[in-house]
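Colleague: I am new to this structure. Could you take me through it in short questions and answers?

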Amino acid sequence: SSRALAFLLTSIPRMARFHRWVFFPCCLMYLITILGNSTILLIVRVNRRLHQPMYYFLSMLAITDLGLTLSTLPTVLRVFWFGTGEISFPVCLTQMFCIHAFSFMESSVLLAMAFDRYVAICCPLRYSSILTSARIAKIGLGMVCRSLTLLPLICLLTQLQFCRSHVLSHSYCLHQDMIRLACTDSTLNSLYGLTLVLFVILDSVLITLSYTMIIKAVVGITSREEQTKALNTCVSHFCAVLIFYVPMVGLSIIYRYGKNAAPFSHALMANVYLFVPPVLNPIIYSMKNKPIRKGLLRL
């Protein structure tokens, strides 16, 4: 039965001999992520001047990054210390749901942040009336509800039979990795997964549209100093968008078309996609965002 089923998690191919050495950089990376994102949340909380829509959305980004990090932490550290690790089917499903739900939420947060920048630059006089506290709370609730659309994916996975190898490609559970091991028809799972991917693609299209309109508005500003000031408020967000979507697109391409690609490239891309944004986001915002930098120094 599915409940008695267990999967075997693995470390990065070709690095199995060095998994103990990888454990320490992994610990450091998790430490930087947890400390960095917790610091961002603390700075926004203690500084009343930062109680603005932009920083509320930044707090949401920090929360999703912490959620994503804590979803992978137990199994990744166990696998890199012991070499391999067994995980039961229900625990694997729970981890898979958390990883994909927080990734989905991060995409939603980045879209909300793009909308925030669009309103701030294109409709500055209406900014406070459009992005009220009540509306921001509704946007946050919408993000959570949107992530819950992943629940049917879990129900569909419980209907599958796994009679092939139970060895997963990573040190955590991913949907595309699990359905690859199914020996019954997983077309419905793949189609539902593809539908959810299309939502994320829609987010990236809307973010691109926001930036197109922002650039159009900035070009219309006569003062060079004002142009630079307007664009500087978008730099951190633009970097966050790139470090989230570029690895995600790379991972999707490898899973769809890289059937003959080396297992190392699959593992590397998945690790970059899951670990790089939570580590870099707080660093980027601490370096590029002046109020956050000031808050950090005061703290």
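The exchange below goes from the core to a helix, then to open and closed spaces, and ends with two single residues.

Modeller: One point before we start. This is a predicted model.

Colleague: Which helix gives the most residues to the largest nonpolar core?

Modeller: Take the core itself first. It has 80 residues. Phe7, Leu110, Phe162 and Met178 have the most contacts inside it. The helix that gives the most to this core, with 16 residues, spans 89-122 and is H3.

Colleague: Is H3 largely enclosed or not enclosed by the rest of the structure?

Modeller: Count its buried residues, where buried means under 20% relative accessible area. In H3, 24 of the 34 residues are buried. So H3 is largely enclosed.

Colleague: How far apart are the end C-alpha atoms of H3?

Modeller: Start from the expected span. At 1.5 Å a residue, the 34 residues of H3 should span 50 Å. The distance in the model agrees with that, at 49 Å.

Colleague: Which residues is Leu110 in contact with, leaving aside its neighbours within four places in sequence?

Modeller: Leu110 is one of the residues with the most contacts inside the largest core. Beyond its sequence neighbours, Leu110 is in contact with Leu61, Ile207, His237, Ala240, Val241, Phe244 and Tyr245.

Colleague: Which element gives the largest share of the lining of the second largest pocket?

Modeller: This pocket has a volume of about 540 Å³. Of its 19 lining residues, the closest to its centre are Met54, Arg117, Lys229, Ala230 and Thr233. Two or more lining residues come from each of helix H2 (53-82), H3, helix H9 (224-257) and helix H11 (290-298). The largest share, six residues, comes from H9.

Colleague: How many residues in the lining of that second largest pocket are charged?

Modeller: Split the lining by residue kind. Nine residues of it are nonpolar and five are polar. The charged ones number five.

Colleague: Which element gives the most to the lining of the largest cavity?

Modeller: The whole structure has three cavities of 30 Å³ or more, and the largest holds about 50 Å³ of space. Helix H1 (19-46), H2 and helix H10 (263-288) each give two or more residues to its lining. With four residues, the element that gives the most is H10.

Colleague: How many residues in the lining of the largest cavity are nonpolar?

Modeller: The lining includes Met29, Tyr30, Leu68, Phe275 and Val279. No residue in the lining is charged. Three are polar, and the nonpolar residues number seven.

Colleague: Cys92 and Met178 are 86 residues apart in sequence; what separates them in space, C-alpha to C-alpha?

Modeller: Cys92 lies in helix H3. It is buried, with a relative accessible area of 0%. Its contacts beyond sequence neighbours are Phe7, Ile87, Leu168, Cys173 and Met178. From Cys92 to Met178, the C-alpha distance is 9.2 Å.

Colleague: Does Asn189 count as buried or exposed?

Modeller: Asn189 lies in helix H8, residues 187-219. Leaving aside neighbours within four places in sequence, it is in contact with Leu153, Leu156, Leu157, Leu160, His175 and Ile179. Its relative accessibility is 2%, so Asn189 counts as buried.

Colleague: What distance separates the C-alpha atoms of Asn189 and Arg49?

Modeller: Along the chain, Asn189 and Arg49 are 140 residues apart. In space, their C-alpha atoms are separated by 46 Å.

Notes: Residues numbered from 1 in each chain as written. Predicted model: local features only at pLDDT ≥ 70, side-chain atom pairs only at ≥ 80, totals over all residues. Heavy atoms only, no water. Core = buried A, V, L, I, M, F, W, Y, C linked by side-chain atoms within 4.5 Å. Buried < 20%, exposed > 50% of the residue type's maximum accessible area, 1.4 Å probe, protein only. Contact = heavy atoms within 4.5 Å. 1 Å grid on protein atoms, 1.4 Å probe; cavity = no way out; pocket = protein on both sides within 12 Å on 5 of 7 lines; lining within 4 Å. Points joined across faces, edges and corners; volume = space filled by probe spheres on them. Nonpolar A, V, L, I, M, F, W, Y, C, P; charged D, E, K, R; others polar. Expected span 1.5 Å × (residues − 1).
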